[in-house]
Amino acid sequence: MTDTPRIHLGSLLRTSSDAHAAGALDHLEYQQGGQTQTLRFVRPAAYRVDVNSLGGNEMYLQGSFAPDIVMECARCLRDVEVALDLRLGTLLRYDPAVDEPYLEEAETGEEVLVFGDPDLDLSAYLAETALLQAPLTVLHAPDCKGLCQVCGDDLNEGPCEHMAQVPVEEIDDLLGTPEGSAHTTQNPFAALRDLKLPED
C-alpha cells in the first residue's frame with residue numbers, strides 16, 4: 001500500500017519520456033484553510049497515473065482513481081460509503097519557483113496543475129478531484145430520523161424522551177410541516193367570527 005501518491009517526473013523533464021505511477025491508498029491528506037484534512041476510504045483505493053510530455057515544461061496527466069470514500073449522513077452523522085469511479089485528466093506545468101502544487105485555470109478554460117518539485121505529490125489533486133465528484137450531502141437511509149436536538153441521541157435507535165417535550169409548533173418552525181401531515185394551521189380569520197364590535 002502507498003502512503004503518499006507520488007510520480008517522479010525528473011526523467012520526463014530531461015528526455016520527454018513518459019512517466020507512470022500506480023498504487024493503492026487507504027486515505028489522503030490535504031491542506032484546506034491552512035489545516036490538514038483527511039479523506040478516508042472504506043478500503044484501499046487503487047489509482048493509476050500516466051504523464052506524457054507536451055514539449056517544454058508542459059505535460060498531460062491521465063489515469064484512473066476508484067475510491068470508496070467515507071462521508072457523514074447529513075441527519076445523524078453516521079458513516080456512509082460513497083463509491084466513486086474517477087477518470088483523471090489535467091494539464092501539468094513545471095515551474096521551479098513553485099513550492100506547493102496548485103491548480104489554476106488556463107486561458108482555454110482548462111485546469112492546470114502547476115508544480116515545482118519533479119517528485120510530484122498527487123495527494124491534493126486526487127483529494128480535490130474526489131471531493132468535486134462526490135455528492136454534497138448523503139443520507140445513510142432515505143428515512144433517517146436524525147438526532148435529537150436536545151440531547152443528540154440517534155432517533156434511528158428509538159424514540160427519545162425529549163420528543164414528547166418539544167411542542168408541535170416548535171418542531172414545525174424548525175423543520176417545516178411534513179408533507180401530508182395531519183397537523184393544520186388555524187385559519188387566521190376564524191377569530192373574527194367571535195369578535196364583538198362596540199355598539200354605537
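Let's start in the sheet, where β4 and β7 run antiparallel to each other and are joined by eight bridges. If you want a landmark on this pairing, look for L61, which sits opposite T90 of β7. Bear in mind as we go that the model is predicted.

Strand β4 has another partner to show you. Residues 58-65 make up β4, and β3 covers residues 35-55; these two strands also pair in the antiparallel sense, over eight bridges. Here a handy landmark is Y47, which faces F65 in β4. Follow the chain round the hairpin of β3 and β4 and you will find two residues between the strands. At this turn, G56 adopts a positive phi near 65 degrees.

From β7, let's move into the loop that follows. V98 belongs to the stretch between β7 (86-94) and β8 (102-105). Is V98 buried or exposed? With a relative accessibility of 12%, V98 counts as buried, because the cut-off for that class is under 20%. Leaving aside residues up to four places away in sequence, V98 makes contact with V114, F115 and G116. The chain also brings D117 into this part of the picture: D117 and V98 are 19 residues apart along the chain, and their C-alpha atoms are 7.8 Å apart.

Next, please turn to the second largest pocket, whose volume is about 320 Å³. The elements that each give two or more residues to its lining are β2 (19-32), β10 (119-121) and α2 (123-133). In total, 14 residues line this pocket, and those nearest its centre are E100, P101, D121, S123 and A124. What is the make-up of the lining by class? Seven of the residues are charged, four are nonpolar and three are polar.

One of the residues nearest the pocket centre, S123, deserves a closer look. S123 is part of helix α2, and with 7% relative accessibility it counts as buried. Beyond residues up to four places away in sequence, the contacts of S123 are T4, P5, L28 and E29.

Past helix α2, the chain enters the loop that leads to α3 (168-175), and P135 has its place there. This proline is partly exposed, at 36% relative accessibility. P135 touches M71 and V82, again without counting residues up to four places away in sequence. As for V82, it is 53 residues from P135 along the chain, yet the C-alpha atoms of the two are separated by 8.6 Å.

Let's finish with the cysteines. How many disulfides does a search of the whole structure find? The result is zero. C144 shows the reasoning well: the closest cysteine sulfur to its own is that of C76, at 3.7 Å, and this is too far for a bond, because a disulfide needs the two sulfur atoms within 2.5 Å. As for surroundings, C144 is buried, with a relative accessible area of 5%, whereas C151 is partly exposed, at 37%.

Definitions and conventions:
Residues numbered from 1 in each chain as written. Predicted model: local features only at pLDDT ≥ 70, side-chain atom pairs only at ≥ 80, totals over all residues. Heavy atoms only, no water. 1 Å grid on protein atoms, 1.4 Å probe; cavity = no way out; pocket = protein on both sides within 12 Å on 5 of 7 lines; lining within 4 Å. Points joined across faces, edges and corners; volume = space filled by probe spheres on them. Helix = DSSP H or I, 4+ residues; strand = E, 2+ residues; numbered from the N terminus. Nonpolar A, V, L, I, M, F, W, Y, C, P; charged D, E, K, R; others polar. Buried < 20%, exposed > 50% of the residue type's maximum accessible area, 1.4 Å probe, protein only. Contact = heavy atoms within 4.5 Å. Pairing = 2+ DSSP bridges.
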